[in-house]
Every structure is written in C-alpha cells, then in structure tokens.
Amino acid sequence: MPIIIISSDAVQSAEQIAKATADAVGYECLGREILPEIAATNKVPVDKLEEALGKSSSPWRRMRAKRRSQLLAQIEAHVLDRLMADKIVCWGLAAHLYVRGVSHALKVRLVPDSQQEAGRIAKQRGVSEEKAAKLLQTDVRKQAQWSQTAYGLNELDPTMYDLVINLGQIDPDESVRTISGAVAFRKFQPMTYSIKCLAENAMAAKVKTKLLATMNDISVQARDGRVVVTCKALKRERQKKAAAIKALAGQVEGVEFVEVHLINYVIREAAESFR
Amino acid sequence: MSIITISRGSYSMGVIVAEQVAQRLGYSIISRDLLLDASDRFHIPEIRLIRAIHDAPSILERFSHSKQAYLAYIRAALAERASGGNVVYHGLAGHILLKNIEGVLKVRITADMNYRAAREAEREGISVDEARSILEKDDQQRRRWTKSLHGVDPWDSSLYDLAIRIDHFKVDDAVEFICRAVESERFRETKKSLQMINDLALACKVKAEIVDEFPTLGVTCQYGNIIVYTKDKSHGSKLHKHLEAVRGKFSGIYNLEIHSAAVFPPEAV
C-alpha cells in the first residue's frame with residue numbers, strides 16, 4: 001500500500017491533517033512522537049533531535065551543522081525503516097526531503113493559513129499581528145534555508161510535491177478528501193521497483209548514520225546490496241580512510257559490497273602544505 | 001461567480017487541464033485572446049504585449065517603465081473579462097494579476113523537467129538536451145520577470161491554493177481536484193468578492209489611462225472611490241487634469257483623490 005508524506009511549516013496543521021487522513025484511509029500515523037524512540041536507540045537527547053529538525057542554520061555554526069547532519073541521519077534511518085511497513089501517513093519528520101525516487105510515496109505540501117498562523121504567533125509570543133506576520137515570513141525563509149543547507153533542496157518549490165494545498169483557501173476537510181482521493185490512484189500503488197528504491201534509501205541511511213558517527217561530509221548511495229560512499233580525504237590518509245569506511249559500512253545488514261570514492265581535500269591539503 | 005487561474009511552465013499540460021476544467025464547469029476560457037483584447041483596445045502591437053508579459057525587463061526598460069505600461073493594459077483587459085465571473089485564465093501570471101481578490105482559485109500545474117523536455121523534443125523534433133536547455137531558459141526568464149516586477153518567486157508554493165504535479169497524475173485527476181476545490185464555500189460568489197473584482201477592474205482601467213504619462217503611479221479602488229498614489233509631488237495639476245478627463249470616461253467612479261508622497265498600499269495596481 002502507498003505511503004503519504006505531509007510537509008508543512010505549521011506543525012499543528014500538519015499533525016491535524018495527517019491524523020485525519022490516516023483515519024480516513026485506515027493507515028498508521030507516524031509523526032514526531034517517535035523522536036523519543038529514535039533518541040533512545042541512538043542515545044541522544046530528544047530535544048537535540050527536535051532542534052535538528054528546526055530552522056536555525058548559519059555557516060559560522062559549522063560545528064552544529066556537523067552535529068545536525070549526524071542527528072538527521074539517525075532520524076532518516078529510523079523513519080525509512082518504519083516506512084518499509086507501508087500504509088503510513090508520515091508528518092513532521094522531513095521525510096519529503098529524503099524519500100527520493102519512491103513512486104508509491106504521495107508527497108503533499110500544506111501551505112498554512114498565513115492569517116491564522118500570524119494570529120497564533122501573536123498570541124504565543126505576545127506581539128502585534130503585524131509583527132507576527134513578519135516573524136512568520138522570517139520563519140518560512142529560515143525553514144527554506146534549513147532544507148537547502150541540510151539536504152540541498154528548497155522545500156518551498158512546488159515541483160517537489162505531488163500536491164500542494166493552501167489551507168488558507170482550502171479547508172482541512174476538503175484537504176483530507178483530496179489527499180485520500182489522490183492516494184487511491186494507481187500511480188501510488190507500490191511496485192517491486194519502488195519498494196526496492198525505498199529499501200535502498202533505508203540501507204543508504206543506515207550506512208550514513210554509521211559513518212557520520214566518526215566522519216564528516218559523507219554521501220552514500222545504495223543499489224542491489226552495493227553501497228557507494230563518497231567522502232573527502234587527505235592524500236596521506238586515503239588508504240586508512242577507505243579501509244575504515246569499508247569496515248564500518250560492511251557491518252550494516254544487507255550490505256554486500258562497498259565502493260569508496262575519495263575526493264581530495266584540496267583546501268586542507270593546501271593549508272597543510274603551508275605549515 | 002468563480003475565477004480560476006492556472007499557472008504553468010511550458011509543456012506542463014496546463015492548457016489541456018484548463019480547457020477541460022472550463023468545459024466541465026461550463027466556464028469561459030481566457031488565454032492569449034486577452035492580449036488581442038488589450039492590443040485592440042489600447043492600440044499596442046500584440047508582440048509588445050507578449051514580450052511585456054514574458055521577458056524580464058531589461059535595464060533600459062526598468063528606467064523607461066514601458067513594461068509597467070503594457071502590464072497595466074493587460075491587467076485592465078483581464079480584470080474586465082474576469083469581473084463577469086465563471087472564467088478560467090491560463091495565461092501567464094494570472095495569480096499575480098488577480099492577487100488580493102477573494103474567491104479566485106489559484107492553481108499551479110507542475111511537472112518534472114525530464115517529462116517536459118521529452119514532450120517538447122517530441123513536438124519540436126529536437127533533441128531532449130536542446131529541449132531542456134530551451135525550457136530552462138524559459139523558466140529562468142519567467143522567474144526573473146516575476147521577481148523583477150512583483151518581487152516574488154513564482155516557484156514559491158505559498159503563492160498558490162493548489163499545485164498539482166501533472167506527471168504523477170492523469171489530466172482527468174487534476175481536473176477533478178480543481179473542480180472539487182472550486183466548489184468549496186470560499187470560492188463562491190459573495191457581495192464582497194464581486195465588489196473586489198469590480199473595483200480591481202475600475203482601478204486597472206484608470207491606471208491604463210494614465211500609465212503612459214505617469215508610469216510610476218499606484219491606483220486603488222474601494223466601492224468606486226479611486227485613490228491615486230504618487231511618490232512625486234511635482235505631478236500636481238497635470239495629473240489632476242488627466243484624472244478629471246478619466247473620471248468622465250468611466251461610469252462607477254464616485255470619488256477620485258490623489259495622495260502625494262504616500263507609501264503605496266500592497267493592493268495598488
């Protein structure tokens with residue numbers, strides 16, 4: 001059965017519509033309530049995982065960016081594993097950014113009602129509606145920057161989704177009907193190939209989580225039990241690094257062969273040559 | 001009265017979707033004929049209007065404001081046609097030209113670049129790479145156009161009420177989504193929505209009359225009360241004379257004011 005992935009800047013709306021859709025189609029709902037489970041598995045604080053899914057990201061907080069990619073990889077591995085069960089409505093876990101090439105995943109973007117959201121922010125932060133509207137715009141911009149930094153994708157781009165629904169104009173009940181109707185289309189029925197793609201995404205995420213515990217700037221792709229890892233390395237440490245990657249990646253269940261592509265760390269190499 | 005605007009990239013099947021929506025709902029369809037309307041009415045060659053609505057303004061055009069003038073003509077023609085209601089507009093920038101109007105369903109039809117390039121290559125008899133390059137340039141041009149003239153990114157999903165990835169659905173499915181959405185309460189005709197579109201049509205007509213002489217003005221209309229905003233205090237009596245002539249030309253104008261050195265409200269055309 002298909003999976004439904006809901007993305008929105010308004011967490012409350014996303015949760016409400018995800019739950020209503022799950023009820024309507026008889027699926028399980030998977031949201032931020034699984035963060036404690038992920039935290040326990042990886043022995044990290046829950047609030048750090050929540051922070052990793054949040055907005056703040058700036059180039060001068062590089063250390064935090066590295067930590068964020070570790071935490072996001074842990075979330076990604078866990079969520080993809082759960083999505084293998086299918087018949088799931090997933091929200092609030094950034095799955096629209098890492099479930100790629102899976103044709104049985106219906107990706108939906110909910111654009112929040114800007115007036116309602118501004119009202120909520122005004123009440124929550126004790127500011128005027130005008131000020132709240134500006135804060136909302138800043139939040140949306142920061143969220144877009146976050147998706148760009150973390151996954152190299154602009155989550156505001158409508159081409160990333162199968163459906164974009166503006167909750168300011170289309171009411172939640174109609175939105176639920178539209179999503180439930182869309183997921184019944186043949187296009188979203190799982191096929192051998194799309195299930196394989198999801199399993200490969202999950203395997204790549206597990207390998208990435210394992211490697212990111214000790215390394216940085218890793219990219220992982222998986223296909224037919226074969227894993228390709230791309231990583232930056234200094235000339236003098238190439239052999240050692242390749243061996244370490246192969247050993248770590250090989251520990252992940254289902255990995256049959258590991259191919260390592262090492263890219264020269266040009267800047268660090270140059271910096272070290274001047275020492 | 002319902003108005004549907006369908007925005008799309010080239011070769012995104014938007015035209016077929018628009019035609020089928022119009023046919024199913026019994027609405028009239030507005031497309032390129034709008035430019036012919038504007039061309040006839042304001043005696044401007046159609047090609048200039050096409051360029052105005054398609055190409056981003058050059059540095060020279062930014063100073064001469066010629067694009068703003070052509071856009072005012074197109075917007076006046078669109079607002080007048082849309083004021084009758086029950087229309088589907090599938091030309092460029094409908095969601096921007098009819099922004100701030102209640103009861104307008106703004107739809108975006110999107111498609112994967114590979115899908116679009118394959119369709120263009122097949123239709124034009126060119127290679128897929130060539131087709132992709134053409135489409136990328138076209139998208140870029142439209143993006144620059146919207147950003148430079150309206151300060152928004154057309155790829156921002158929040159500009160639309162509904163966006164549908166057409167290569168993941170059938171045309172019939174997209175038509176079904178749009179028809180169901182437009183049936184909702186928010187898109188039904190209300191006194192307010194009718195007044196808003198009539199006011200927009202009147203503001204656009206006034207703007208179109210004066211834009212040649214005064215390209216940087218903003219015009220708003222509320223219940224037939226026209227306010228012309230100008231940042232330049234020196235326009236004074238010349239503008240006043242022009243506006244008096246305009247007042248006699250159109251029915252429905254109750255009051256006409258000039259606000260000098262004022263900040264333009266966002267709904268000003």
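Select chain B and colour by secondary structure: the chain comes to eleven helices and eight strands, where helices (H or I, at least four residues) and strands (E, at least two) are DSSP runs numbered from the N terminus. Keep in mind that this is a predicted model, in which local features need pLDDT of at least 70 and side-chain atom pairs count only at pLDDT 80 or more, while totals for chains, interfaces and linings use all residues. Residues are numbered from 1 along each chain as its sequence is written, and chains are lettered from A and ligands numbered from 1 in the order in which they are written.

With chain B still selected, turn it along its principal axes, where the C-alpha atoms fill a box of roughly 60 × 45 × 30 Å. The radius of gyration, taken over C-alpha atoms, is 19 Å, which agrees with the value near 18 Å for a compact globule of 269 residues, the globule rule being 2.2 Å times the number of residues to the power 0.38. Of these 269 residues, 41% count as buried, meaning that 20 or more other C-beta atoms, placed from the backbone, lie within 10 Å of the residue's own.

Next, select residues 3-187 of chain B as domain 1 and residues 199-260 as domain 2, bounds that come from an automatic or database domain assignment. The centres of these two domains of chain B, taken over C-alpha atoms, are separated by 28 Å. Where they touch, twelve residues of domain 1 and ten residues of domain 2 take part, with contact counted if the C-beta atoms of two residues, placed from the backbone, lie within 7 Å. On the domain 1 side, helix α5 (residues 66-82) of chain B gives the largest share, eight residues.

Now show both chains, and pick out the 19 residues of chain A that are in contact with 20 residues of chain B. On the chain A side, the elements that give two or more residues are β4 (105-111), β5 (163-166) and α8 (172-183) of chain A, and the largest share, four residues, comes from β5(A).

Finish by zooming in on β5(A) and strand β5 (residues 162-165) of chain B, which run antiparallel and are joined by three bridges; two strands pair if DSSP finds at least two bridges between them. Within this pairing, label A:Val164, and opposite it you will find B:Ala163 in β5(B).

Notes. A residue is buried if 20 or more other C-beta atoms lie within 10 Å of its own, exposed if 12 or fewer, and partly exposed in between; C-beta atoms are placed from the backbone.
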